[in-house]
Amino acid sequence: MSQAGARHRWIRHHGVKYLRELLHGQAEIFEAHPLALRTAAPQTDIAPDITPDIAIARLPDTRYLQHHPYPEDIYWLIEVADATALTDHVETKGQLYAAAGIREYWVINATSQDLIICKNLQGGDFWTQMTLKIGMIRTTAFPDLAIDVARLLDIPTDD
(Lines give C-alpha, C1' and ligand atoms only; values in the text may rest on other atoms or scores of the structure.)
Protein backbone atom coordinates (compact mmCIF):
# COMPACT_ATOMS: atom_id res chain seq x y z
CA MET A 1 0.00 0.00 0.00
CA SER A 2 1.32 3.43 -0.86
CA GLN A 3 1.95 6.07 1.77
CA ALA A 4 -1.16 7.99 0.65
CA GLY A 5 -3.25 4.82 0.92
CA ALA A 6 -1.99 4.04 4.40
CA ARG A 7 -2.57 7.62 5.56
CA HIS A 8 -6.11 7.61 4.13
CA ARG A 9 -6.87 4.34 5.94
CA TRP A 10 -5.46 5.69 9.20
CA ILE A 11 -7.53 8.89 9.04
CA ARG A 12 -10.70 6.92 8.28
CA HIS A 13 -10.07 4.37 11.02
CA HIS A 14 -9.20 7.07 13.59
CA GLY A 15 -12.43 8.93 12.76
CA VAL A 16 -14.47 5.75 13.07
CA LYS A 17 -13.01 5.01 16.51
CA TYR A 18 -13.78 8.53 17.75
CA LEU A 19 -17.35 8.49 16.40
CA ARG A 20 -18.02 5.04 17.86
CA GLU A 21 -17.03 6.42 21.27
CA LEU A 22 -19.33 9.41 20.91
CA LEU A 23 -22.31 7.65 19.36
CA HIS A 24 -22.20 4.34 21.25
CA GLY A 25 -25.77 3.06 21.51
CA GLN A 26 -27.14 5.86 19.30
CA ALA A 27 -25.92 4.98 15.80
CA GLU A 28 -24.06 2.37 13.79
CA ILE A 29 -20.72 3.56 12.37
CA PHE A 30 -19.76 1.77 9.16
CA GLU A 31 -16.22 1.95 7.81
CA ALA A 32 -15.95 1.61 4.02
CA HIS A 33 -19.17 -0.38 3.57
CA PRO A 34 -21.48 -0.03 0.55
CA LEU A 35 -24.71 1.96 0.52
CA ALA A 36 -27.84 1.34 -1.55
CA LEU A 37 -28.38 4.82 -2.96
CA ARG A 38 -31.51 5.27 -5.03
CA THR A 39 -33.75 7.97 -6.40
CA ALA A 40 -37.24 8.64 -5.12
CA ALA A 41 -38.55 5.86 -7.38
CA PRO A 42 -38.62 2.60 -5.38
CA GLN A 43 -35.88 0.10 -6.19
CA THR A 44 -34.07 2.49 -8.56
CA ASP A 45 -30.37 2.43 -7.76
CA ILE A 46 -28.44 5.54 -8.81
CA ALA A 47 -25.03 4.36 -7.63
CA PRO A 48 -25.24 0.78 -6.39
CA ASP A 49 -21.48 0.48 -5.81
CA ILE A 50 -20.91 3.66 -3.76
CA THR A 51 -18.81 3.05 -0.66
CA PRO A 52 -18.24 6.11 1.54
CA ASP A 53 -15.32 6.13 3.96
CA ILE A 54 -17.60 6.51 6.99
CA ALA A 55 -21.37 6.17 7.25
CA ILE A 56 -23.32 7.01 10.40
CA ALA A 57 -26.54 5.00 10.23
CA ARG A 58 -29.62 4.11 12.22
CA LEU A 59 -29.68 1.27 14.70
CA PRO A 60 -30.16 -1.64 15.00
CA ASP A 61 -27.51 -3.11 12.75
CA THR A 62 -29.79 -6.10 12.11
CA ARG A 63 -31.90 -3.89 9.80
CA TYR A 64 -29.05 -4.33 7.28
CA LEU A 65 -29.13 -8.13 7.12
CA GLN A 66 -31.05 -8.14 3.80
CA HIS A 67 -29.81 -4.90 2.21
CA HIS A 68 -27.18 -2.20 2.49
CA PRO A 69 -28.29 1.01 4.23
CA TYR A 70 -30.66 3.19 2.21
CA PRO A 71 -30.47 7.00 2.25
CA GLU A 72 -33.21 7.20 4.87
CA ASP A 73 -31.05 5.02 7.15
CA ILE A 74 -28.11 7.44 6.98
CA TYR A 75 -27.62 10.27 9.46
CA TRP A 76 -24.55 11.59 7.63
CA LEU A 77 -21.58 10.48 5.54
CA ILE A 78 -17.87 11.31 5.75
CA GLU A 79 -15.26 11.00 3.01
CA VAL A 80 -11.49 11.42 3.35
CA ALA A 81 -9.77 13.28 0.52
CA ASP A 82 -6.39 14.68 -0.37
CA ALA A 83 -5.93 17.85 -2.43
CA THR A 84 -6.15 16.03 -5.78
CA ALA A 85 -9.48 14.37 -4.96
CA LEU A 86 -11.06 17.23 -2.99
CA THR A 87 -13.11 18.71 -5.84
CA ASP A 88 -14.39 15.25 -6.78
CA HIS A 89 -15.45 14.58 -3.21
CA VAL A 90 -17.10 17.93 -2.53
CA GLU A 91 -18.77 18.42 -5.89
CA THR A 92 -19.29 15.06 -7.60
CA LYS A 93 -19.97 12.86 -4.59
CA GLY A 94 -21.72 15.70 -2.83
CA GLN A 95 -24.16 16.00 -5.74
CA LEU A 96 -24.67 12.25 -5.79
CA TYR A 97 -25.38 12.14 -2.06
CA ALA A 98 -27.69 15.16 -2.24
CA ALA A 99 -29.64 13.61 -5.14
CA ALA A 100 -30.08 10.45 -3.07
CA GLY A 101 -31.42 12.45 -0.11
CA ILE A 102 -28.46 12.13 2.25
CA ARG A 103 -29.07 15.00 4.69
CA GLU A 104 -25.49 15.79 5.67
CA TYR A 105 -22.07 15.12 4.17
CA TRP A 106 -18.57 15.86 5.50
CA VAL A 107 -15.17 15.74 3.82
CA ILE A 108 -11.95 15.42 5.82
CA ASN A 109 -9.27 17.19 3.79
CA ALA A 110 -6.13 15.24 4.67
CA THR A 111 -3.84 17.75 2.96
CA SER A 112 -4.96 20.98 4.62
CA GLN A 113 -6.25 19.20 7.72
CA ASP A 114 -9.67 20.74 7.76
CA LEU A 115 -13.25 19.54 7.73
CA ILE A 116 -15.75 20.58 5.08
CA ILE A 117 -19.36 20.36 6.26
CA CYS A 118 -22.16 20.20 3.68
CA LYS A 119 -25.70 20.25 5.08
CA ASN A 120 -29.10 21.93 4.93
CA LEU A 121 -30.31 19.76 2.03
CA GLN A 122 -32.94 21.59 -0.03
CA GLY A 123 -34.04 21.01 -3.59
CA GLY A 124 -31.42 18.32 -4.18
CA ASP A 125 -28.47 20.44 -3.10
CA PHE A 126 -26.59 21.28 0.09
CA TRP A 127 -27.28 24.95 0.87
CA THR A 128 -24.79 25.26 3.70
CA GLN A 129 -21.07 24.60 3.31
CA MET A 130 -18.44 25.53 5.87
CA THR A 131 -14.80 24.65 6.48
CA LEU A 132 -13.44 24.17 10.01
CA LYS A 133 -10.09 23.34 11.60
CA ILE A 134 -11.07 23.66 15.26
CA GLY A 135 -14.16 24.02 17.40
CA MET A 136 -17.16 21.89 18.10
CA ILE A 137 -19.64 20.85 15.41
CA ARG A 138 -23.18 19.59 15.89
CA THR A 139 -24.88 17.40 13.35
CA THR A 140 -28.43 17.78 12.15
CA ALA A 141 -29.23 14.27 13.41
CA PHE A 142 -27.72 14.72 16.88
CA PRO A 143 -27.99 18.43 17.77
CA ASP A 144 -27.15 17.81 21.44
CA LEU A 145 -23.91 15.99 20.62
CA ALA A 146 -20.77 18.11 20.21
CA ILE A 147 -18.03 16.68 17.98
CA ASP A 148 -14.52 18.05 18.48
CA VAL A 149 -13.25 18.99 15.01
CA ALA A 150 -9.60 19.01 16.12
CA ARG A 151 -9.92 15.48 17.48
CA LEU A 152 -11.57 14.25 14.30
CA LEU A 153 -8.73 15.90 12.35
CA ASP A 154 -5.94 14.59 14.57
CA ILE A 155 -3.89 13.59 11.55
CA PRO A 156 -0.26 12.59 12.14
CA THR A 157 2.51 14.20 10.14
CA ASP A 158 4.77 12.13 7.87
CA ASP A 159 7.81 12.46 10.19
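The following exchange examines the terms applied to a predicted model.

User: What underlies the numbering and the values in this predicted model?

Analyst: Residues are numbered from 1 along each chain as its sequence is written. In this predicted model, local features need pLDDT of at least 70 and side-chain atom pairs count only at pLDDT 80 or more, while totals for chains, interfaces and linings use all residues; side-chain values use heavy atoms, with hydrogens and water left out.

User: Why is Val 16 classed as buried or exposed?

Analyst: Buried means under 20% relative accessible area, exposed over 50%, and partly exposed in between (1.4 Å probe, protein chains only). Val 16 has 0% relative accessibility and therefore counts as buried.

User: Which residues is Val 16 in contact with, leaving aside neighbours within four places in sequence?

Analyst: They are Ile 29, Glu 31 and Ile 54, where contact means heavy atoms within 4.5 Å.

User: What makes Lys 93 buried?

Analyst: Its relative accessible area is 18%, so Lys 93 is buried.

User: How do you know that the side chains of Lys 93 and Glu 79 are joined by a polar contact?

Analyst: A polar contact is a pair of N or O atoms within 3.5 Å; within protein, one must be able to donate a hydrogen and the other to accept it, and residues adjacent in sequence count only if both atoms are side-chain atoms. The contact between Lys 93 and Glu 79 is 3.4 Å.

User: Why are E1 and E8 called edge strands?

Analyst: The open sheet has six strands in the order E1-E4-E5-E6-E7-E8, with mixed pairing. Strand E1 (28–31) and strand E8 (125–132) each pair on one side only; two strands pair if DSSP finds at least two bridges between them.

Terms used: Helices (H or I, at least four residues) and strands (E, at least two) are DSSP runs, numbered from the N terminus.
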